[in-house]
There are 2 protein chains.
Amino acid sequence: MIRGEHSSRAVRALEETFALELGSGVIQRVWSESDVSVLAAVGEGMVGTPGVSARLFGALAAAGVNIRAIAQGASERSISAAVPTVDADRALRAAHGGFYLSPQTISLAVIGPGNVGRALLEQIRVAAPRLHASHGLDLRLRLLMGTRRSVGDPLGLDWSSWERAYSETAETASLDTVAPCLRDAPWPHAAVIDLSASDEVADRYAEWLAAGIHVITPNKRAGSGPAERYRAIQHACTTGRALFKCEATVGAGLPIVGTVRDLVHTGDEVDSIECVLSGTLAWLLNGFDGRSPFSELVREARERGFTEPDPRDDLSGMDVARKLVILAREIGAELDLDHVEVRSLVPEAIASVPLEEALARLETMDEPMAAELSKAADSGVLRHVATLSRDGRAEVGLRALSATHAFAHLRGTDNCVQFRTSRYRDNPLVVQGPGAGPDVTAAGVFSDLLRLAAHLGARL
Amino acid sequence: MIRGEHSSRAVRALEETFALELGSGVIQRVWSESDVSVLAAVGEGMVGTPGVSARLFGALAAAGVNIRAIAQGASERSISAAVPTVDADRALRAAHGGFYLSPQTISLAVIGPGNVGRALLEQIRVAAPRLHASHGLDLRLRLLMGTRRSVGDPLGLDWSSWERAYSETAETASLDTVAPCLRDAPWPHAAVIDLSASDEVADRYAEWLAAGIHVITPNKRAGSGPAERYRAIQHACTTGRALFKCEATVGAGLPIVGTVRDLVHTGDEVDSIECVLSGTLAWLLNGFDGRSPFSELVREARERGFTEPDPRDDLSGMDVARKLVILAREIGAELDLDHVEVRSLVPEAIASVPLEEALARLETMDEPMAAELSKAADSGVLRHVATLSRDGRAEVGLRALSATHAFAHLRGTDNCVQFRTSRYRDNPLVVQGPGAGPDVTAAGVFSDLLRLAAHLGARL
């Protein structure tokens, strides 16, 4: 390793010294490489200590640093590695991280700082000191991007004051900046957390994953969208080193996607998944006893903030259908959204009219819903259920259930998923609880982030 | 690198050549090291390809191979590393694994091949080809050990015929052989799967973990036993690189321990955990409506194999108390088994008599149980419940619950756990389903094994 300005003189000197060997072809050529830095780990007797060199190279490996040359020989006090100068900072931090001089560091780009984003950043702020001290994990907010503007910090935004920095930023948002921004950070690992509900962001996942950037999201677009895009994401994961995590797409913080993955990976065979996956529809049907018309309950739910601004988005069942497609694909079924048999609760008459008109004419729902309720009363209760069968059949809509069915006893806006499998045949495996809301959605995303950290070597 | 028999001549030759430098102290000394092997990775233009050297050293690092010297320089076609000869096989396999020429390999020692063991080995047999092909994971059964005998194979026992090999083995069992056996295997990673219920095996965990051997178990002894042993296990995990996994200790394959860990790690605060954790007691109380005396139900359960051979082991509530201690420690409470307030269902009169006498006098339970039932009838139903509160209070025993309580609707031998936390305050997060039996217990162990594999770099 010599200074750049001396390189041509050094090459000439070596060519002269080895003229004989070059002439006979024993040495093929002498050349120089530029923009190379030397990383040296120095310590008394370190080379003889099992695992020291392994730990150094393991850390550099995990950070994806390419090593151009290595010198480790007789000296027991040092190991030197030549790395590209552009990677030098990252290599140094990764090496520190490997020896726990400083912990594992993950650089984060958070897209879509709405209610879930606020909840997530607050959860990370509170947990960060403990994760740092006890688990060797250091999370850095490299970039925060909304639909119009973005704010970044090469050292990581402050978890307590990001909101001010974000409100004061003049930088506009562009998804093109996400990968370069994360790549420029001196930290060994990088992840995008997509909290948007946008197809445009989902379109970038495969490209980010292929570049070694992990993706974590509660955004249902990728998991339930076009099969081609989904396959590209899977392909990037199986051929590269980055992970795609989406626990919070179904049931927010409830352990649903992870449970499906465990069942499938351990060789269990899923016979059916029966679920209540809309908190809004659960609340409406838990309360629908025929004493008030259904439209009145819908209006009340909308006023209490339980529905989307346009309640037809809930009543159509499409959001539930998306979640069902995500679960189906997790068990290996090649299901597309348009293969799901969705029976919408929205009458034809108000399905395509403007929102104001639909709200004014909600009463058109009352007669058909009253008929469904009285039909169900013979056997028990009326619920909004999504079902996936082993043969790939997927259905979403109203179902009459017996009063002893687990779904008959749901409370409030609870979600509930029942897995029937080869192992859980007589009685299903059931996961139940609040499946929406900023705090629990953020918690689902945070769990995925910690599972990623464990995969990267954090002690979790 | 020269042959061993030439080493002293080589040292002398170098000493003569560098006599001047040795005299002036520029070179301190010349010496030789024996039992060193060279591992070389060779490929066209490989050094210039980002990540190649990193991948090699990363794989060696994960396998804990110490690198004595490395030569990577101008040649673009090879990287050579000198490793101790005893590690050479393991290093070669790890390097292959790192490049996916052959997959990640984990060497397993399974202790206690009973019903759960049989189920687990069968699940692995069925899943192994898919895990190998799609996820790059290669599981090898290095050692199978019962209480009296053991069988091992340096290449891994056949998943289909281990039972014959085990029945025909003449080797006696000794826990002292487990670690050397796993260390001798040429595979990069090693794990003990303890399927016993033995304290003697649990006593070894800390030592194995400290040696870099991962431990996975449904054995409740470590998690609920002496605090000192538990702390030694935790210490070995936080200071070393091995993991301790125990999902199947509570609720078998149900995602309970993992859910607690997720809640705690993401910074949620657990207010209370309320649970039904004995399938046996759940079955007895689900069926106890006062029409038959309780003792009759106990006799029926025993005949159907739902109870332990001595039903007092279930009725005492101690098994449930152990699970509660495990959950308490997961949320960071320093709880010992004797701090749990356990209200046994076994009357004093038959608590300490021989089994035959206890079975003959089961009717002594009937009057107190009938009294409990009629007391509960006022408010709803009678259930056997374990409760853990934030203030560290832990109780196990009968509870009268309202008919709308989730535990009032349990079926058969189902377990059920309700987590109330800062995020799940109004409605709890609920996990429910069969919590005992060989298949689901094995599945819980298998899930832990796959989570370990993911941590070690398998694409899961």
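Lys and Arg count as positive and Asp and Glu as negative, while His and the chain ends are not counted. On that basis chain A holds 47 positive and 59 negative charges, and the mean positions of the two sets are 4 Å apart. The model described here is a predicted one.

**Chain A as a whole**

The C-alpha atoms of chain A fill a box of roughly 100 × 55 × 45 Å along the principal axes. Chain A has 460 residues, and 54% of them count as buried. Its accessible surface comes to about 19,800 Å², with 50% of that area belonging to carbon and sulfur atoms. The secondary structure of chain A consists of 20 helices and 15 strands. Among the contacts in chain A with a separation of 6 or more, 67% are made by residues 24 or more positions apart.

**Strand 10 and its partners**

Strand 10 of chain A covers residues 270-276. Seven of its seven residues are buried, so strand 10 is largely enclosed by the rest of the structure. Strand 10 pairs with strand 14 (residues 414-421) of chain A through six bridges, and the two run antiparallel. Within this pairing, A:S272 stands opposite A:R420. Strand 10 also pairs with strand 12 (residues 380-389) of chain A, again in the antiparallel sense, over four bridges. Here A:I273 stands opposite A:L388.

Another pairing in chain A involves strand 5 (residues 137-145) and strand 6 (residues 150-157), which run antiparallel and are joined by four bridges. A hairpin of four residues connects strand 5 to strand 6. In this pair, A:L144 stands opposite A:V151.

The table lists these pairings of chain A.

| Strands of chain A | Bridges | Sense |
|---|---|---|
| 10 and 14 | six bridges | antiparallel |
| 10 and 12 | four bridges | antiparallel |
| 5 and 6 | four bridges | antiparallel |

**A sheet in chain B**

Chain B contains an open sheet of six strands in the order 6-5-4-7-8-9, with mixed pairing. Which strands stand at its edges? They are strand 6 (150-157) and strand 9 (244-245) of chain B; each has a single partner strand, so one side of each is left without a neighbour in the sheet. Strand 9 of chain B runs parallel to strand 8 (residues 214-216) of chain B, and two bridges join them. In this pairing, B:F244 is the bridge partner of B:V215.

**Cysteines**

How many disulfides does a search of the whole structure find? It finds zero over all chains. A:C246 is in no disulfide, and the nearest cysteine sulfur, that of A:C237, is 9.8 Å away. A:C246 is buried, with a relative accessible area of 8%.

The sulfur of A:C416 has its closest cysteine sulfur in A:C275, at 8.8 Å, which is too far for a bond. A disulfide is a pair of cysteine sulfur atoms within 2.5 Å. A:C416 is buried too, with a relative accessible area of 0%.

**A residue in a loop**

A:Q28 lies in the loop between helix 2 (19-24) and strand 1 (36-42) of chain A. Is A:Q28 buried or exposed? A:Q28 is exposed, because its relative accessible area is 70% and exposed means over 50%. The C-alpha atoms of A:Q28 and A:I326 are separated by 57 Å, and these two residues are 298 residues apart along the chain.

Conventions
Residues numbered from 1 in each chain as written. Chains lettered and ligands numbered in written order. Predicted model: local features only at pLDDT ≥ 70, side-chain atom pairs only at ≥ 80, totals over all residues. Heavy atoms only, no water. Buried < 20%, exposed > 50% of the residue type's maximum accessible area, 1.4 Å probe, protein only. Pairing = 2+ DSSP bridges. Contact = heavy atoms within 4.5 Å. Areas by Shrake-Rupley, 256 points an atom, 1.4 Å probe, with all protein chains shown as cover. Charge placed at Lys NZ, Arg CZ, Asp CG, Glu CD.
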